[in-house]
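Here are some exercises to try with the model open on your screen. Have a go at each one before you read its solution.

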Amino acid sequence: MWLFVAFLMVPLIEIALFIQIGGAIGLGWTLLIVVVTAVIGTMLVRAQGLQAMNQVKSSFNQMRDPSEALAHGAMILFSGALLLTPGFFTDAVGFALLVPGVRLAVFKWARSRVKVTSFGGPGFDHRPPQRDDNVIDGQYSEVSPEQQSSDGPSGWTKH
């Protein structure tokens with residue numbers, strides 16, 4: 001039901017704003033503002049999107065929880081869609097989502113409403129594996145004394 005109300009109300013709000021602002025400043029200026037906000041929004045979304053991707057990569061490389069960086073990236077993507085949609089209301093929401101403090105508040109609100117459960121079992125460890133430089137990986141096979149021959153090549157070469 002909430003989705004239906006949003007799809008009904010957003011276009012009505014946009015139409016009302018276009019009529020009011022267009023009547024106050026004129027059609028040409030109204031259209032110019034819509035185009036300029038789309039161009040500026042695209043540049044901001046690109047810059048912040050690259051920054052969010054770097055944060056996601058960093059959290060994966062450091063074996064940290066990437067959920068906050070992924071959520072910021074998703075909100076930046078959503079703000080880009082809103083900024084490319086013609087309208088003053090969608091532009092206001094899109095520009096608001098480009099503000100890191102607003103995204104953080106939305107993330108905290110969403111995190112408080114979502115219950116996350118983890119999985120595991122006996123022997124399941126959430127810590128990243130520790131690397132030991134003194135360990136050498138290798139394979140071996142046992143050779144019985146009957147298989148060894150003293151005349152001929154050592155087995156390390158193919159003759």
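**Exercise 1. Place Met 63 among the helices and decide whether Met 63 is buried or exposed.**

Solution. Start with the position: Met 63 sits in the loop between helix H2 (27-61) and H3. Helices here are DSSP runs of H or I with at least four residues, strands are runs of E with at least two, and both are numbered from the N terminus. Next, the backbone: Met 63 is not a glycine, yet has a positive phi of about 55°. Last, the surface: Met 63 counts as exposed because its relative accessibility is 56% (buried is under 20% relative accessible area, exposed over 50%, partly exposed in between, with a 1.4 Å probe and protein chains only).

A quick word on the ground rules. This is a predicted model, where local features need pLDDT of at least 70 and side-chain atom pairs count only at pLDDT 80 or more, while totals for chains, interfaces and linings use all residues. Residues are numbered from 1 along each chain as its sequence is written, and side-chain values use heavy atoms, leaving out hydrogens and water.

**Exercise 2. Work out the overall fold: how many helices and strands are there?**

Solution. Count the elements: five helices and zero strands. Reading from the N terminus, that gives α-α-α-α-α. Then check burial: 19% of the 159 residues count as buried.

**Exercise 3. Find the surroundings of Arg 103 and look for a salt bridge.**

Solution. First locate Arg 103 in helix H5 (residues 100-113). Skip neighbours within four places in sequence, and the contacts (heavy atoms within 4.5 Å) of Arg 103 are Gln 48, His 72, Met 75, Ile 76, Leu 97 and Leu 98. Now the charge: Arg 103 is buried but has no salt bridge (a side-chain nitrogen of Lys or Arg within 4 Å of a carboxyl oxygen of Asp or Glu). The nearest side chain of opposite charge belongs to Glu 68, 8.5 Å away.

**Exercise 4. Which residues of helix H4 can you tie to other parts of the chain? Try Ala 96.**

Solution. Ala 96 belongs to helix H4. Its C-alpha atom is 8.1 Å from that of Ser 79, a residue 17 positions away along the chain. As for the surface, Ala 96 counts as partly exposed because its relative accessibility is 29%.

Terms used:
Lys and Arg count as positive and Asp and Glu as negative; His and the chain ends are not counted.
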